[in-house]
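Please study the sequence and the three-dimensional structure shown below before attempting the exercises.

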Amino acid sequence: QRIELQQGRERKAERWGPRTLDLDILLIDNRAIDSDDLQVPHPQMTRRAFVLLPLLEICPDALLPDGTALSSFLGQVTEQPISPLAELDRNALIE
């Protein structure tokens, strides 16, 4: 949350509304954390195609701390439409 605030995020009463920046920690090694400030693994990650598909693209063998393969949740998110972003112009990022 500190990083979000440093980057200008404004926290509003509306929980699921639009935001300027939203950082979520999905996994940290093989650890499970459950505190008032942080839950890892992210509690909704296995229900969101826009999280699972890119994560499994870069780490196809990813596991939850209990050993469950993240790929086992793909069948639950197949109806959620997601679209890849346009290919980034890497030269534009350097400028």
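Three exercises with worked solutions follow.

This is a predicted model, in which local features need pLDDT of at least 70 and side-chain atom pairs count only at pLDDT 80 or more, while totals for chains, interfaces and linings use all residues. Residues are numbered from 1 along each chain as its sequence is written, and side-chain values use heavy atoms, with hydrogens and water left out.

**Exercise 1.** Describe the overall composition of the protein and its surface.

*Solution.* Step 1: the protein contains three helices and two strands, these being DSSP runs numbered from the N terminus (helices: H or I, at least four residues; strands: E, at least two). Step 2: along the sequence, their pattern is α-β-β-α-α. Step 3: of the 95 residues, 19% count as buried, where buried means under 20% relative accessible area, exposed over 50%, and partly exposed in between (1.4 Å probe, protein chains only). Step 4: the accessible surface is about 8,000 Å², and 51% of this belongs to carbon and sulfur atoms; the areas come from the Shrake-Rupley method with a 1.4 Å probe.

**Exercise 2.** Determine how the buried and exposed residues of helix H2 are arranged.

*Solution.* Step 1: helix H2 spans residues 49-58, and its buried residues are Ala49, Val51, Leu52, Leu55 and Leu56. Step 2: these residues lie on the same side of H2, because they cover an arc of only 160° around the axis, taken from the directions from the helix axis to the C-beta atoms. Step 3: a general rule applies here. An α-helix has 3.6 residues a turn, so residues three or four places apart point the same way. Step 4: the face of H2 turned away from the buried side carries Phe50, Glu57 and Ile58, which are exposed.

**Exercise 3.** Characterise the surroundings of two loop residues, His42 and Ile82.

*Solution.* Step 1: His42 lies in the loop between strand S2 (39-40) and H2. His42 counts as buried because its relative accessibility is 15%. Step 2: the His42 side chain reaches the backbone nitrogen of Gln44 at 3.1 Å. Step 3: apart from neighbours within four places in sequence, His42 is in contact with Asp24, Ile25, Leu26 and Arg48, contact meaning heavy atoms within 4.5 Å.

Step 4: Ile82 is found in the loop between H2 and helix H3 (90-94). Its relative accessibility is 36%, so Ile82 counts as partly exposed. Step 5: with neighbours within four places in sequence left aside, Ile82 is in contact with Ala49, Phe50 and Leu53. Step 6: Ile82 and Arg48 are 34 residues apart in sequence, and their C-alpha atoms are 9.9 Å apart in space.

Terms used: Polar contact = N/O pair within 3.5 Å; in protein donor to acceptor, adjacent residues only side chain to side chain.
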